[in-house]
Amino acid sequence: MRIHYSEAISILIILQTLWWGLNSQCEEPIESSKLDLSVTYDLPHFVSDTPIQKLLEFNGTVYVGAVNKLYALSKDLKKVHEYNTGPVYEGRDCSAPDPCSGCNNTPINTNNTNMALLMETFYDLELFSCGSVGNGVCRRYLLEDGPLDAEVTCMYSEKNKDSSHGCPDCLAGPSGTQILNVMSSGVVRFFVANSEPLDLSVPRLHHTISVRKMRETQDGFEFFSEQSYMDLAPGLRGSYPLHYVYSFQSGPYVYFLTVQREGGSSNAFHTRIVRMCSSDPEILRYVEMPFECIYSERRRKKRSAQVVFNVLQAAHVAKVGYDFQQEMGLKEGEDVLFAAFARSKPDSPEPTASSAVCLISITDINNFFRDFMQKGYTRKLSHFPGSEEKNFNQ
């Protein structure tokens, strides 16, 4: 075997480099980069007496919704106020329970789980807390006068008892609720979405998705009309789980993220994103679209392998930061959705240990909606009856 002069020089340089690498020592890390294990960090913390369900921050105050408790904390998580929301008495021996106080003169037996916590500032500085007792009736806390219990109103009106539209005051359903309050044209609209369980024994008191307003007396709610709500088709109740995971507002729209079956006859599950106009007093312009997180792994000399993460676990909308703005080519201050997905077990919404986080701008989501509608890739909703009468619902 012959080796030319240039090749010999190259081999010599490689061998010499390897020799230097074998004989040289790794540099010691600089002193400032070493971890000091003797330091004790005292982080702000708060321990609730009962399990926590909801958190809300407003003007430096953290509001905590827990079982039978509602807390107001300072920004360093010190307890400022505490208000008891339960337990109450609800049972067979209570023939006509008061949604605001349960049954009087009877032993308490039912815990109150916090199902929704939201702030409203257009009418007053007020906090709404909706629990699992009293058919999901909410309480309104006027915050301008100090403590949480300074002025509390139970949002239930006897005038609504025999309403033909169901119970306008029953906001929070037993299987989970997402509520958005949006001010439009001088009226605060409450967009409410209630998850549908696999349980036919649960009485139907709550519409699946609806929009309503607060009564002028500020002691309850009312629907704008019979077009202000839609319910899961009766034939699908108990067999079509519909779980609302997250909700948010961006620009002129409100959005809900759901996990549900891919279709009425399908056993596979996926995620959908729902969009409605925040200015609509009725459900007139409702659209939903499949929404999944897909990871593509590029392989050498082979097609890329795709992994689909189909069931949403959690989400959050925030203004884009500088790094993502540069990397994704977004505008400053643009809304971005961070979504944590998992791969589900076969024919089940139950997540596996395989997960991923996807990031997408709300502008891109709206572009997808626009393109699908303009190209006619739409069909009528199959799980909400009556939607064929609403041309925009698809």
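# Chatting through a strand-rich chain

Author: Let's start with contacts: in the protein chain, among those with a separation of 6 or more, 49% are between residues 24 or more positions apart. Keep in mind that this is a predicted model.

Reader: Cool! How many helices and strands does the protein chain have?

Author: The protein chain has three helices and 22 strands.

Reader: And what share of the residues is buried?

Author: Of the 394 residues in the protein chain, 43% are buried. The accessible surface of the chain is about 23000 Å², and carbon and sulfur atoms hold 51% of that.

Reader: Okay, show me a sheet. What is the strand order in the open sheet of four strands?

Author: The order is E1-E2-E3-E4, and the pairing is antiparallel. Strands E1 (52-58) and E4 (79-84) are at the edges with a single partner strand each, so one side of each has no neighbour in the sheet. From one strand to the next, the twist averages 15 degrees.

Reader: How many bridges join E1 to E2?

Author: Six bridges, and the two strands run antiparallel; E2 covers residues 61-66. As an example to find in the structure, Leu 55 has Val 64 in E2 as its bridge partner.

Reader: Switching topic: is strand E21 mostly covered or mostly open?

Author: Mostly covered: E21 spans residues 335-344, and seven of its ten residues are buried.

Reader: Which strands does it pair with?

Author: One is E20 (residues 311-319), paired with E21 in the antiparallel sense over eight bridges. There, Lys 319 has Asp 335 of E21 as its bridge partner. Another is E22 (residues 351-361), also antiparallel to E21 and joined to it by eight bridges. In that pairing, Leu 337 is matched with Ile 360 in E22.

Reader: What links E21 and E22?

Author: They form a hairpin, with six residues between the two strands. In the turn, Asp 347 has a positive phi of about 55 degrees.

Reader: Where do side chains point in a regular strand?

Author: In a regular strand they alternate between the two faces of the sheet.

Reader: One last spot, Glu 196. Where is it?

Author: Glu 196 is in the loop between strand E10 (187-194) and strand E11 (209-214).

Reader: Is Glu 196 buried or exposed, and why?

Author: Buried, because its relative accessible area is 9%, and buried means under 20%.

Reader: What does its side chain make a polar contact with?

Author: The side chain of Glu 196 makes one with the side chain of Thr 208, at 2.6 Å. Leaving out residues up to four places away in sequence, Glu 196 touches several others, including Arg 204, Leu 232, Arg 237 and Tyr 240.

Notes
Residues are numbered from 1 along each chain as its sequence is written. This is a predicted model: local features need pLDDT of at least 70, side-chain atom pairs count only at pLDDT 80 or more; totals for chains, interfaces and linings use all residues. Side-chain values use heavy atoms; hydrogens and water are left out. Buried means under 20% relative accessible area, exposed over 50%, partly exposed in between (1.4 Å probe, protein chains only). Two strands pair if DSSP finds at least two bridges between them. Contact means heavy atoms within 4.5 Å. Accessible areas come from the Shrake-Rupley method with a 1.4 Å probe; for residues, only the protein chains shown count as cover. Axes are lines fitted to C-alpha atoms, for helices over the stretch in contact, and angles run from 0 to 180 degrees between N-to-C directions. A polar contact is a pair of N or O atoms within 3.5 Å; within protein, one must be able to donate a hydrogen and the other to accept it, and residues adjacent in sequence count only if both atoms are side-chain atoms.
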